[in-house]
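Please read the sequence and view the structure before following the explanation below. The paragraphs then go from one buried residue to the cysteines, the nonpolar cores and some details of the backbone.

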Amino acid sequence: MKQDIEIAQEATIRPVVEIAEILGIPQNDLELYGKYKAKIPLKYIDDEQIRKANLILVTAITPTPSGEGKTTTSIGLAQALNRLGKKTTVVLREPSLGPVFGIKGGAAGGGYSQVIPMEDINLHFTGDISAVEKAHNLLAALIDNNIQLKDGNLGIDPRTIEWKRVMDMNERSLRDIVIGLGGTTEGVPRQSGFNITAASEVMATLCMALDLKDLKERLGNIFVGYTYSDKPVFARDLKAHGAMAALLKDAIKPNLVQTLEGTPAIIHGGPFANIAQGTNSIIATKTGLSLSEFVVTEAGFASELGAEKFFDIKSQFGNLKTNAVVIVATVRALKYHGGAKLSTLRNEDLAALQKGFDNLDKHIENMKYFGFRPVVAVNRFDSDTDAEIGLLIQHIEAQNINVAISEAWARGGEGAVDLANLVLDSVKDCPDCFRPLYDLTWSFENKIETICKKMYGADHVEYTIKAKNQLDKIDQLGFGNLAVCIAKTQKSLSDDPNKRGRPQGFTVKVREVELSSGAGFVVPIAGTIMRMPGLPSTPSAEKIDIDPDGRISGLF
């Protein structure tokens, strides 16, 4: 099968100029990155066309080590819609090298529903993430330079600086470090560290920007820390935002590639959903909507993380209208949530499957809070038995929820046609369904508790004294109307990664709050979530190789 897919990649990949022609973009307007990748100018964003187009969001049940296939389903659905004669583009996030070399592996879909050139997309692609990294670290360098200055020193209190450096790699040894050692000419010693680039506020800001002017202004709004006299300092006070925006002048443009079936694919931006907003850029989504009749996009992890942030942050700020929602579920993931061991998921287990239904039910409920009756896509695996599939479909249909079996991995767009037809029906039924979970004028505590109680199913929210003080200070700075982007584990509906299924009677513990004023939200940090992952005992990097002819293996 793997060899067949590799042959299909080579046989079907077309020059990107041909993909652009499908969207009505002439070759002269493309910025080519080789033969199969290009950037699209921002001038193609058309608000009038956006209002006519249809946006489909793909989310999922709570992630498990067995994988759910949300990206594969998104790509397969877009291919299927094109097979049905609907001009469709799939719009996705860029993969981070952390997961690529860590535990998840590549993030370009799979089987016969993947975006190509897969190796390029999973590795350096067009350099967007590198540009984000450089812009972020430029601000870090300017901060430490200003602390060192005698003339022009803003009086920043180093103890209040939370702006760490970033790199696009899982590197736990850099989480907490001391910088500025070596004497008076080498900087002012202070504690700092590294986050992964996908967790950078610059990444989140890039994905929230509407154009280059807006990006520059947002970068200037990034909060740095306080002076010794307790005055806030922003990136604009360091005159950093102009140079940061200059570094991002190409990264702000969305990237055009294709799927194995020649469906246009726009891939842009890569914030994680457990620590940021977890969706591709507003610019990318609007570009897709401007050039297509339908856009299929996804939000990272499950409904309480990526989908909630897609609706409450991205959709509100970007004025986006969603017409249908798909929830991806698998038999083996539901069995895992029902208590089955990872090693037994290929075995038929109707009891565990039935116990796992609670997790799916909660994600269906979550989408109803936003006004949607979602379609469930059951991503089928070879190990799924007819009895298991039958039991799952029966349970879903009993709730008056439409469900389709998706075989997009094995059959490409053909395997998702049933799903596509249900989605088209859902679009007809939902011209204007979306309603946000909270109003931006609410207090931070009200916003946070609404998310925790409705999306996660929590009974209570507790705040440390530190978190309470941080919320008060943010409010005093005049940022009370910002959105909320809760950082928590993706492994559970709760803030405890060990609680599978649908946890009940728990309390979410907010230990600290960060201000992402450039991106336009605050980040309450719940549980033990970290912004710099570590590598697993057997990293995916160990399987990746390249032969003398330059052929890369191990990224599937």
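Leu-260 has a relative accessibility of 6%, and it therefore counts as buried. The model in view is a predicted one. Leu-260 lies in the loop that runs between strand β13 (255–259) and strand β14 (264–267). A residue in a loop may thus be buried, as Leu-260 is. Its C-alpha atom is 6.7 Å from that of Ile-13, although 247 residues separate Leu-260 and Ile-13 in sequence.

A further loop residue to examine is Asn-323, placed between helix α12 (303–318) and strand β16 (324–329). Is Asn-323 buried or exposed? The relative accessible area of Asn-323 is 2%, so this residue is buried. What does Asn-323 touch, apart from residues up to four places away in sequence? Its contacts are Ala-53, Asn-54, Leu-55, Phe-372, Ser-426, Val-427, Cys-430 and Pro-431. With Cys-430 there is also a polar contact: the side chain of Asn-323 reaches the backbone oxygen of Cys-430 at 3.5 Å.

Cys-430 leads to the next topic, the cysteines. How many disulfides does a search of the whole structure find? The search finds one. This disulfide joins Cys-430 to Cys-433, with a distance of 2.0 Å from sulfur to sulfur. Cys-207, by contrast, takes part in no disulfide, and the nearest cysteine sulfur, in Cys-485, is 11 Å away. Why is Cys-452 not bonded to Cys-485? The closest cysteine sulfur to that of Cys-452 is in Cys-485, but the distance is 12 Å, which is too far for a bond. Cys-430 is buried, because its relative accessibility is 4%. Cys-207 is buried at 1%, and Cys-452 is buried at 0%.

The nonpolar interior may be considered next. In soluble globular proteins, nonpolar side chains tend to be buried together. In this model, the largest nonpolar core has 96 residues, and the members that touch the most others are Leu-256, Leu-360, Val-376 and Ile-448. Helix α18 (residues 444–456) supplies the largest share of this core, namely six residues. A second core, separate from this one, consists of 42 residues, among them Val-90, Leu-97, Ile-116 and Phe-125. Returning to the largest core, one may ask which residues Val-376 contacts beyond its neighbours within four places in sequence. They are Ile-327, Ala-329, Leu-360, Ile-364, Ile-396, Ile-401, Asn-402, Val-403 and Ala-404.

Ile-116, a member of the second core, also draws attention to the backbone. The peptide bond that joins Ile-116 to Pro-117 is cis, with omega at about 5°. Pro-117 belongs to the loop between strand β6 (113–116) and helix α6 (118–122).

Two further loop residues deserve a look for their phi angles. Asp-230 is not a glycine, yet its phi is positive, near 70°. Asp-230 is situated in the loop between strand β11 (223–226) and strand β12 (232–234). Because its relative accessibility is 45%, Asp-230 counts as partly exposed. Asn-400 is likewise not a glycine and has a positive phi of about 60°. The loop that holds Asn-400 connects helix α15 (386–397) and strand β18 (403–406). With a relative accessible area of 54%, Asn-400 is exposed.

Definitions and conventions:
Residues are numbered from 1 along each chain as its sequence is written. This is a predicted model: local features need pLDDT of at least 70, side-chain atom pairs count only at pLDDT 80 or more; totals for chains, interfaces and linings use all residues. Side-chain values use heavy atoms; hydrogens and water are left out. Helices (H or I, at least four residues) and strands (E, at least two) are DSSP runs, numbered from the N terminus. Buried means under 20% relative accessible area, exposed over 50%, partly exposed in between (1.4 Å probe, protein chains only). A polar contact is a pair of N or O atoms within 3.5 Å; within protein, one must be able to donate a hydrogen and the other to accept it, and residues adjacent in sequence count only if both atoms are side-chain atoms. Contact means heavy atoms within 4.5 Å. A disulfide is a pair of cysteine sulfur atoms within 2.5 Å. A nonpolar core is a set of buried Ala, Val, Leu, Ile, Met, Phe, Trp, Tyr and Cys residues joined through side-chain atoms within 4.5 Å.
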